[in-house]
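Colleague: I am new to this one. Could you put it up and take my questions one by one?

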Amino acid sequence: MRRAILLLGGSLAVLALFFLHLGFAYILPHPYQFANVLLAGLVLMLMATNSGKIVWIAAALYWCLELYTVTEFGVVFMSGTLSMLATYWLYRSLITNRTLPAVAALAATSLIGYRVSYTIGLLIVDQAPADWGAYAITLGWELFMTVSLTTILFVILRRWLRSLRTDRATRSINWYVR
């Protein structure tokens with residue numbers, strides 16, 4: 001019964017994340033509309049769960065998001081899933097702690113990986129951006145807003161989610177150092 005409740009709650013959280021991403025892109029004013037809510041939520045879920053299931057969740061979310069984009073089918077799905085897979089590998093092998101700089105670095109590298117693979121996908125299907133300068137400015141705003149959103153949400157969620165806290169690990173490390 002507990003597993004069914006957790007599955008239902010997780011499914012509702014993922015669905016809410018998807019609709020928040022779609023809603024924020026159209027409702028928020030100019031600089032805030034560039035926040036990639038989906039990617040920020042996925043990075044925070046990765047840090048909270050520490051599980052590879054997040055790659056499958058990302059694949060499902062980016063497939064649903066693919067239905068609302070104007071690019072060729074598969075560009076958003078492949079770039080988002082590959083970016084989350086690379087983020088998971090990076091989190092498991094290199095950025096292993098749950099500190100604020102680690103969250104910012106993980107969100108930034110995840111978004112940069114997503115945008116690089118998305119741009120390569122656009123070039124492959126001959127839908128390259130007409131104005132590369134405006135595309136770079138959009139990427140800069142998206143990077144700033146997504147990393148800011150991820151770090152702010154991390155600070156807020158750290159109070160309620162025990163899996164995001166580092167106090168237990170810090171205390172045990174300090175005990176061995178003394």
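Colleague: Where is Asn50 found?

Modeller: Keep in mind that this is a predicted model. Helix H2 covers 37-49, and helix H3 covers 53-66. Asn50 is found in the loop between helix H2 and helix H3.

Colleague: What is the phi of Asn50 near?

Modeller: Asn50 is a residue other than glycine. Its phi is nonetheless positive. The value is near 55°.

Colleague: Is Asn50 buried, partly exposed or exposed?

Modeller: The relative accessible area of Asn50 is 33%. Buried means under 20%, and exposed means over 50%. The value for Asn50 is in between, so Asn50 is partly exposed.

Colleague: Which loop holds Asp126?

Modeller: Helix H5 spans residues 100-124. Asp126 also has a positive phi of about 60°, although it is not a glycine. Its place is the loop between helix H5 and H6.

Colleague: Is Asp126 buried or exposed?

Modeller: Its relative accessibility is 71%. The cut-off for exposed is over 50%. Asp126 therefore counts as exposed.

Colleague: How many helices and strands does the protein have?

Modeller: Read along the sequence, the pattern is α-α-α-α-α-α-α. The secondary structure comes to seven helices and zero strands.

Colleague: Why does the radius of gyration agree with a compact globule?

Modeller: The protein has 178 residues. A compact globule with that many residues would have a radius of gyration near 16 Å. The two values agree, because the protein has 17 Å.

Colleague: What box do the C-alpha atoms fill?

Modeller: The box is taken along the principal axes. Its dimensions are roughly 60 × 40 × 30 Å.

Colleague: What share of the contacts comes from residues 24 or more positions apart?

Modeller: The contacts considered are those with a separation of 6 or more. Residues 24 or more positions apart account for 67% of them.

Colleague: Where is Thr151, and is it buried or exposed?

Modeller: Thr151 is found in helix H6, residues 132-158. Its relative accessibility is 17%. Buried means under 20%. Thr151 therefore counts as buried.

Colleague: Which residues does Thr151 touch, not counting those up to four places away in sequence?

Modeller: Start with Ser148. Its backbone oxygen lies 3.0 Å from a polar atom of the side chain of Thr151. Leave out residues up to four places away in sequence, and Thr151 touches Leu100 and Ala104.

Colleague: How far is Ala134 from Ala13 in space?

Modeller: Ala134 is in helix H6. It is partly exposed, with a relative accessible area of 36%. In sequence, Ala134 and Ala13 are 121 residues apart. In space, C-alpha to C-alpha, they are 33 Å apart.

Colleague: And how far is Ala25 from Met78 in space?

Modeller: Ala25 lies in helix H1, residues 2-27. At 35% relative accessibility, Ala25 counts as partly exposed. Ala25 and Met78 are 53 residues apart in sequence. The C-alpha to C-alpha distance is 21 Å.

Colleague: What percentage of the residues is buried?

Modeller: The protein exposes about 10900 Å², and carbon and sulfur atoms supply 70% of that area. Of the 178 residues, buried ones make up 36%.

Colleague: How far apart do the centres of the positive and negative side chains lie?

Modeller: The protein has 13 positive side chains and 6 negative ones. Each set has its own centre. The two centres lie 30 Å apart.

Terms used: Residues are numbered from 1 along each chain as its sequence is written. This is a predicted model: local features need pLDDT of at least 70, side-chain atom pairs count only at pLDDT 80 or more; totals for chains, interfaces and linings use all residues. Side-chain values use heavy atoms; hydrogens and water are left out. Helices (H or I, at least four residues) and strands (E, at least two) are DSSP runs, numbered from the N terminus. The radius of gyration is taken over C-alpha atoms; the globule rule is 2.2 Å times the number of residues to the power 0.38. Buried means under 20% relative accessible area, exposed over 50%, partly exposed in between (1.4 Å probe, protein chains only). Contact means heavy atoms within 4.5 Å. Accessible areas come from the Shrake-Rupley method with a 1.4 Å probe; for residues, only the protein chains shown count as cover. Lys and Arg count as positive and Asp and Glu as negative; His and the chain ends are not counted. The place of a charge is taken as NZ of Lys, CZ of Arg, CG of Asp or CD of Glu. A polar contact is a pair of N or O atoms within 3.5 Å; within protein, one must be able to donate a hydrogen and the other to accept it, and residues adjacent in sequence count only if both atoms are side-chain atoms.
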